[in-house]
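Me: I have a protein chain open on my screen and would like to talk through how its pieces fit together. Could we go over it in questions and answers?

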Amino acid sequence: MTTVCHRPEGLEQLEAQTNFTKKELQVLYRGFKNPRAVLIQECPSGAVNEETFKQIYAQFFPHGDASMYAHYLFNAFDTAQNGSVKFEDFVMALSILLRGTVHEKLRWTFNLYDINKDGYINKEEMMDIVKAIYDMMGKYTYPVLKEDAPRQHVEVFFQKMDKNKDGIVTLDEFIESCQEDDNIMRSLQLFENVM
């Protein structure tokens, strides 16, 4: 019995849609499907499910609990909302996060924070993401963080972002706030490091 493995759609097409060269895409694909490279079990469908995604993040962040952050990140990568991330989904997001414009990165990050995909970020959604990041980093961070650090972090950022004080942050408010505030931009760059 022969297993037919998934091959990504034309690399030329992905090269045109992303900021990666054909050679870089080939290296990324080998890493995506090679279990020794990124701890992903080779999958005939060419897709990674959420449980595998969580296992990967648990390996990268052994001192914390990465499960919730991996859940939110998986949902942001799973653009088709079908419970799996194909290589093409992975590479499109990676292209934005690593080589996209500031505006593209901010739009993608807004999508991550907009957990319920209603086009707005409320304080609870922001708190969920920030708490997931703190949980993932673990208790052994330096300097040691107070237990209410995530809440304080969210209060400050949400107040700056919610320009019209209506209790929600729109995409425009998010982008404008991030571009105006160096602290927010530095914080979002930390996100890229844990991506």
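Here is our conversation, going from the overall chain to single residues.

Me: Happy to start simply: how many helices and strands does the protein chain have?
Reply: Do keep in mind that this is a predicted model. Of the 195 residues in the protein chain, 41% are buried. The secondary structure comes to 11 helices and 4 strands.

Me: Among contacts between residues at least 6 apart in sequence, what share joins residues at least 24 apart?
Reply: A contact here is a pair of heavy atoms within 4.5 Å. Counting the contacts in the protein chain between residues at least 6 apart in sequence, the share that joins residues at least 24 apart is 56%.

Me: Where does UniProt place the feature "domain: EF-hand"?
Reply: The record is an unreviewed entry, and the feature it lists is "domain: EF-hand". Over one of its spans, residues 65–100, the chain is 67% helix and 8% strand, with the end C-alpha atoms 29 Å apart. Another span, residues 101–136, is 72% helix and 6% strand, and its end C-alpha atoms lie 27 Å apart. The positions that UniProt gives are residues 65–100, 101–136 and 149–184.

Me: Are helix 4 and helix 5 parallel, antiparallel, perpendicular or oblique to each other?
Reply: Two packed helices are described by the angle between their axes and the distance between the axes. For helix 4 (residues 50–60) and helix 5 (residues 67–77), the axes come within 9 Å and cross at roughly 130 degrees. That angle falls outside the ranges for roughly parallel, antiparallel and perpendicular, so helix 4 and helix 5 are oblique.

Me: Is the crossing of helix 4 and helix 5 left-handed or right-handed, and which residues of helix 4 take part in the contact?
Reply: Helix 4 passes helix 5 in a right-handed crossing. On the helix 5 side, the contact uses S67, Y69, A70, H71, L73, F74, N75 and F77. By class, the contact has 7 nonpolar, 3 polar and 2 charged residues. The helix 4 residues are E50, F53, K54 and Y57.

Me: At what angle does helix 5 pack with helix 7, and which residues of helix 7 make the contact?
Reply: The axes of helix 5 and helix 7 (residues 102–113) are 9 Å apart, at an angle of about 125 degrees. That angle makes helix 5 oblique to helix 7, and the crossing is right-handed. From helix 5 come Y69, Y72, L73, A76 and F77, and from helix 7 come W108, N111 and L112.

Me: How do the residues of that helix 5 and helix 7 contact divide by class?
Reply: Tyr, Leu, Ala, Phe and Trp count as nonpolar, and Y69, L73 and W108 are among the residues that make the contact. The division is 7 nonpolar, 1 polar and no charged.

Me: Is L106 buried or exposed, and which helix holds it?
Reply: The cut-off for buried is under 20% relative accessible area. L106 has a relative accessible area of 3%, so L106 is buried. Its C-alpha atom is 7.8 Å from that of F174, although the two are 68 residues apart in sequence. The helix that holds L106 is helix 7.

Me: Which residues does L171 contact, leaving aside its neighbours within four places in sequence?
Reply: L171 lies in helix 10 (residues 171–180) and is buried, with a relative accessible area of 17%. Its C-alpha atom is separated by 7.3 Å from that of G119, 52 residues apart along the chain. Beyond those close neighbours, L171 is in contact with R107, F110 and G119.

Me: What is the phi of K165, and is K165 buried or exposed?
Reply: Most residues other than glycine have a negative phi, and most peptide bonds are trans. K165 is not a glycine, yet its phi is positive, at about 55 degrees. K165 sits in the loop between helix 9 (149–161) and strand 4 (168–169). With a relative accessible area of 54%, K165 is exposed.

Me: Where is Q81, which has a positive phi of about 55 degrees?
Reply: Q81 is not a glycine, yet it has that positive phi. Its place is in the loop between helix 5 and strand 2 (84–86).

Me: How far is D166 from N122 in space, C-alpha to C-alpha?
Reply: D166 lies in the loop between helix 9 and strand 4. At 39% relative accessibility, D166 counts as partly exposed. D166 and N122 are 44 residues apart in sequence, and their C-alpha distance is 9.7 Å.

How values were computed. Residues are numbered from 1 along each chain as its sequence is written. This is a predicted model: local features need pLDDT of at least 70, side-chain atom pairs count only at pLDDT 80 or more; totals for chains, interfaces and linings use all residues. Side-chain values use heavy atoms; hydrogens and water are left out. Axes are lines fitted to C-alpha atoms, for helices over the stretch in contact, and angles run from 0 to 180 degrees between N-to-C directions. Helices (H or I, at least four residues) and strands (E, at least two) are DSSP runs, numbered from the N terminus. Angles under 35 degrees count as roughly parallel, over 145 as roughly antiparallel, 65 to 115 as roughly perpendicular and the rest as oblique. A crossing is left-handed if the near helix is turned anticlockwise from the far one by less than a right angle, and right-handed if clockwise. UniProt positions are given in the numbering used here, feature names are shortened, and annotations may be inferred rather than shown by experiment. Buried means under 20% relative accessible area, exposed over 50%, partly exposed in between (1.4 Å probe, protein chains only).
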